[in-house]
Amino acid sequence: MKVDQQDTITALATAGGIGAIAIIRLSGKKTFEIMNSLFRDKKGKEKNFSLLKTHTIHFGYLTDGDKIIDEVLCAVFKNPHSYTGDDTVEINCHGSTFIQQQILDLLIKCGTRLAEPGEFTLRAFLNGKLDLAQAEAVADLIASTSASAHRLALQQMRGGFSNQIKELRKQLIDFASLIELELDFAEEDVAFADRTKLTSLVTELLSIIKKLRSSFITGNAMKNGIPVVIAGKPNVGKSTLLNALLNDEKAIVSPIAGTTRDVIEDEMVLNGIRFRFIDTAGIRHSKDEIEIIGVRKTFEQIKQASIIIYMIDANETSIEKFQSEMDEIKSGLDNAQVMIIPVVNKIDAIRDESILIAYRGLEHIIFLSAKTYLHLDELTEKLLSFVNTGKIDSGETIVSNSRHAAALFNAEEALQKVVDGIKNNLTTDLLAFEIRFALQYLGEITGEIYTDDLLANIFSKFCIGK
Ligand code: GDP
């Protein structure tokens, strides 16, 4: 990625293809000079873009010499009052791909270059218009496909999370400077930084960081959807349930055991939360090669799931067997946060009502008929209860970015070492070492500290034109 801020860059900001209108962005030092040469007003007169007011829009023609390319509207943003912080013009043209390409070619001929993915936002970051966490929220906002993902991105873009991190870091910096001072006077064995105060500060920071980090489970679920595995022996009705939930016929339903051989994934949005349903081949010890692969995949999927719907046929298995199967699944899980919902299916065709009584004591149990949709609403309510949407309504900060969660984890580790170190009379230089680490990890979240690699990694995932 070029982090060259001198170039004037351009790109199509709207989606590629034909549309009613298209917007081409132009940003950088030469923006106005280029527009002066290409834009003509209704009377065919030039305009001096440097003299125009910021945040104004101008109707006219985009021309290449004597040739008119299109009738356009140009929005003018003067530095520093633009998205990037540099002089910017957004050309609204007619959305033909031919026109779009002609304008881009013309702008390149005039000395601009095509922007890299995310380069407009990168410039905004480098010009201090937004910090790194906010820039990432812009990408999340564009990618959001559910109400919850949208709200999270919006919250992060408005900077609440960034301010919280900056504040934590600031408090730590004050102490870090005292510790560093001690290092300068190492010979004299003085302690400028009160260890009790340092312990209580770091403990407080740790509790905030832990809370933020644990919010990632909710945040990640809201942003990326909640992976739900439907598991159980063949023929209990897993595919039928998936179809009922998705209301379509994607999985193959058949009365022959072991039909669902592959892992099928589909999504649905329930009350603004995206659920990713994963139908599996079932857990049965099989000799069939393809099915063995399917069963292995089931276990892999179960490990990635946040919710496991574990299903049994109301007529077939005893509660002891059901419980031992669920225990087998639980023992294979590394993540204690997984919700297991036991589902007793086919209650529409139950032969012996008394079987159901034994199941009633199980936590989260649902008696279902996937075929007739009976109690399907209970199941969807249970699914929704996994996400604490109240957190987002109350404005509590929710971390939804895995990079931030990893940085918080690293900062937490370093700060824990500081607390332990103080207890064990660790030398000042080693304490200082861990504090510096913690500061670096926190700083990387908002971009107070960054490397070119970090920026390249983040912005390369953006779309072109953003
Ligand atoms: P899977 O192997 O677990 O995916 O099971 P399927 O969804 O393919 O279902 C196996 C058989 O059970 C099919 O014939 C379904 O029609 C039937 N079945 C599934 N759910 C129900 C239900 O709630 N009630 C009844 N009576 N039959 C069901």
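These exercises work through a predicted model of one protein.

**Exercise 1. Establish how far the coordinates can be read, and where confidence falls below 50.**

Step 1. Start with the overall score. The mean pLDDT of the protein is 86, and 87% of its residues reach 70 or more.

Step 2. Locate the weak stretches. Residues 251–262 have pLDDT below 50, yet this stretch has 31 contacts in the model beyond near neighbours in sequence. Residues 282–286 are also below 50, with 20 such contacts.

Step 3. Draw the consequence. Where pLDDT is low, predicted coordinates should not be read in detail.

**Exercise 2. Describe the protein as a whole: its elements, burial, contacts and surface.**

Step 1. Count the elements. The protein has 16 helices and 13 strands.

Step 2. Take burial. Of the 466 residues, 50% are buried.

Step 3. Take contacts. Among those between residues at least 6 apart in sequence, 66% join residues at least 24 apart.

Step 4. Take the surface. The accessible area is about 22,600 Å², and carbon and sulfur atoms hold 52% of that area.

**Exercise 3. Trace the seven-stranded open sheet from strand 3 to strand 7.**

Step 1. Write the order. The strands run 3-4-5-6-2-1-7, with mixed pairing. Strand 3 (39–40) and strand 7 (113–114) are the edges, each pairing on one side only.

Step 2. Begin at strand 3. Two bridges join strand 3 to strand 4 in the antiparallel sense. Here Phe39 has Leu62 of strand 4 as its bridge partner.

Step 3. Cross to strand 5. Nine antiparallel bridges link strand 4 and strand 5. Leu62 is partnered in strand 5 by Asp70. Two residues lie between the strands of this hairpin, where Gly65 takes a positive phi near 65°.

Step 4. Go on to strand 6 (residues 88–94). Strand 5 (residues 67–77) meets strand 6 antiparallel over five bridges. Leu73 stands opposite Asn92 of strand 6.

Step 5. Continue to strand 2. Strand 2 (residues 21–27) and strand 6 run antiparallel and share seven bridges. Ile24 is paired with Ile91 of strand 6.

Step 6. Finish at strand 7. Strand 1 (residues 9–12) pairs with strand 7 in the parallel sense over two bridges. Thr10 stands opposite Leu114.

Step 7. Check burial inside the sheet. In strand 6, six of the seven residues are buried.

**Exercise 4. Explain why helix 1 counts as largely enclosed, and identify what its buried residues pack against.**

Step 1. Apply the cut-off. Buried means under 20% relative accessible area.

Step 2. List the residues that pass. In helix 1 these are Thr31, Phe32, Ile34, Met35, Asn36 and Leu38.

Step 3. Conclude. Helix 1 (residues 31–38) has six of its eight residues buried, so the rest of the structure largely encloses it.

Step 4. Name the surroundings. The buried residues of helix 1 pack against strand 2, strand 3, strand 4 (56–64), strand 5, strand 6 and helix 2 (97–109).

**Exercise 5. Place Phe192 and classify its exposure.**

Step 1. Find the element. Phe192 sits in the loop between helix 6 (160–184) and helix 7 (195–224).

Step 2. Compare with the limits. Partly exposed lies between under 20% and over 50%. Phe192 has 36% relative accessibility, so it counts as partly exposed.

Step 3. Add its partners. Leu178, Leu181, Phe185 and Phe192 make a nonpolar surface patch of about 300 Å².

Conventions:
Residues are numbered from 1 along each chain as its sequence is written. This is a predicted model: local features need pLDDT of at least 70, side-chain atom pairs count only at pLDDT 80 or more; totals for chains, interfaces and linings use all residues. Side-chain values use heavy atoms; hydrogens and water are left out. Buried means under 20% relative accessible area, exposed over 50%, partly exposed in between (1.4 Å probe, protein chains only). Helices (H or I, at least four residues) and strands (E, at least two) are DSSP runs, numbered from the N terminus. Two strands pair if DSSP finds at least two bridges between them. Patches are made of residues with over 30% relative accessible area and no salt bridge: like charges are joined within 9 Å, nonpolar side chains (Val, Leu, Ile, Met, Phe, Trp, Tyr) within 5 Å. Accessible areas come from the Shrake-Rupley method with a 1.4 Å probe; for residues, only the protein chains shown count as cover. A salt bridge is a side-chain nitrogen of Lys or Arg within 4 Å of a carboxyl oxygen of Asp or Glu. Contact means heavy atoms within 4.5 Å. pLDDT is the predictor's confidence in each residue, from 0 to 100.
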